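Q: Please take a close look at one part of this model. Walk through its layout and the residues that mark it, then place it in the rest of the chain.

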Amino acid sequence: LAFDAHIYGNGMPEEFFFLLLELSVGVLWGIIPATLNRLVLQYSIDNKFGHTQKPEDTCGDNFHADHHLLHIKNFGIYNCLMDMYFSTSNHNDKYLIMPTLYCPGGKNLVYQVEKKIEEENTIFYFSPKI
């Protein structure tokens, strides 16, 4: 997992000291640490998986990790379309996308997205991956 993908934008060394500070405040004054909130933990874990490079990209899982090889700005969080539009993706012309990745109960459809610029319009074409 990517240890530098914390919800607050810090890395593993900082997380350790934040956790020590929050646990100390919790022990001394009885305040529950914000880092141990279920939602914060879920965001942090999701963020770590989103920044981890998979060995084989079969459905567009690596777009965010690939994007960070060249860029530090984020336009697309859950898919590659905004990064393709602004040309901050490693694959600006063609990539895979799984639109049901974040929709529970959806079919596991994978599409190939192709970006074409026609006159002044940017058009995305979706075709099922075979």
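A: **The sheet and its surroundings**

Three strands make up an open sheet, and their order is β1-β2-β3. The pairing is antiparallel. Two strands pair if DSSP finds at least two bridges between them. Strands (E, at least two residues) and helices (H or I, at least four) are DSSP runs, numbered from the N terminus.

The model is predicted: local features need pLDDT of at least 70, side-chain atom pairs count only at pLDDT 80 or more, and totals for chains, interfaces and linings use all residues. Residues are numbered from 1 along each chain as its sequence is written, and side-chain values use heavy atoms, without hydrogens and water.

Start at the edges. These positions belong to β1 (94–97) and β3 (121–128). Each has a single partner strand, so one side of each lacks a neighbour in the sheet. From one strand to the next, the twist averages 30 degrees (axes fitted to C-alpha atoms; angles from 0 to 180 degrees between N-to-C directions).

Now the pairings. Strand β2 covers residues 111–118 and is joined to β1 by four bridges. These two strands run antiparallel. One bridge pair to look for is L96 with Q112, the latter in β2. On the other side, eight bridges tie β2 to β3, again in the antiparallel sense. V113 faces F126 of β3. K115 stands opposite F124, also in β3.

**The turn**

β2 and β3 form a hairpin. Two residues lie between the strands. E119 sits in this turn, in the loop between β2 and β3. Its phi is positive, about 55 degrees, although E119 is not a glycine. Most residues other than glycine have a negative phi. E119 counts as exposed, because its relative accessibility is 81% (exposed is over 50%, buried under 20%, partly exposed in between; 1.4 Å probe, protein chains only).

S87 offers a second case of positive phi outside glycine, with a value near 60 degrees. S87 lies in the loop between α4 (81–85) and β1. At 37% relative accessibility, S87 is partly exposed.

**A salt bridge beside the pairings**

The structure holds one salt bridge (a Lys or Arg side-chain nitrogen within 4 Å of an Asp or Glu carboxyl oxygen). The side chains of E114 and K116 make it, at 3.5 Å from N to O. Side chains of opposite charge can pair when their charged atoms come close. E114 is partly exposed at 29% relative accessibility. K116 is partly exposed too, at 36%.

**The rest of the chain**

Step back to the whole chain. It has four helices and three strands. From the N terminus on, the elements run α-α-α-α-β-β-β. The chain has 130 residues, and 28% of them count as buried.

Among the helices, look at α1 (12–29) and α2 (38–50): each supplies at least two residues of a nonpolar patch. The patch is on the surface and spans about 490 Å². Its members are L19, L23, L36, L41, I45 and F49. Patch residues have over 30% relative accessible area and no salt bridge; like charges are joined within 9 Å, nonpolar side chains within 5 Å. Areas come from the Shrake-Rupley method with a 1.4 Å probe. α2 gives the largest share of the patch, three residues. L23 belongs to helix α1. L23 is partly exposed, with a relative accessible area of 38%.

N62 gives the opposite picture. It lies in the loop between α2 and α3 (63–70). N62 is buried, with a relative accessible area of 3%. The side chain of N62 reaches the backbone nitrogen of K54 at 2.7 Å.

Back to the sheet for a last check. β2 meets β1 through four bridges and β3 through eight. The turn after β2 holds exposed E119.

Terms used:
A polar contact is a pair of N or O atoms within 3.5 Å; within protein, one must be able to donate a hydrogen and the other to accept it, and residues adjacent in sequence count only if both atoms are side-chain atoms.
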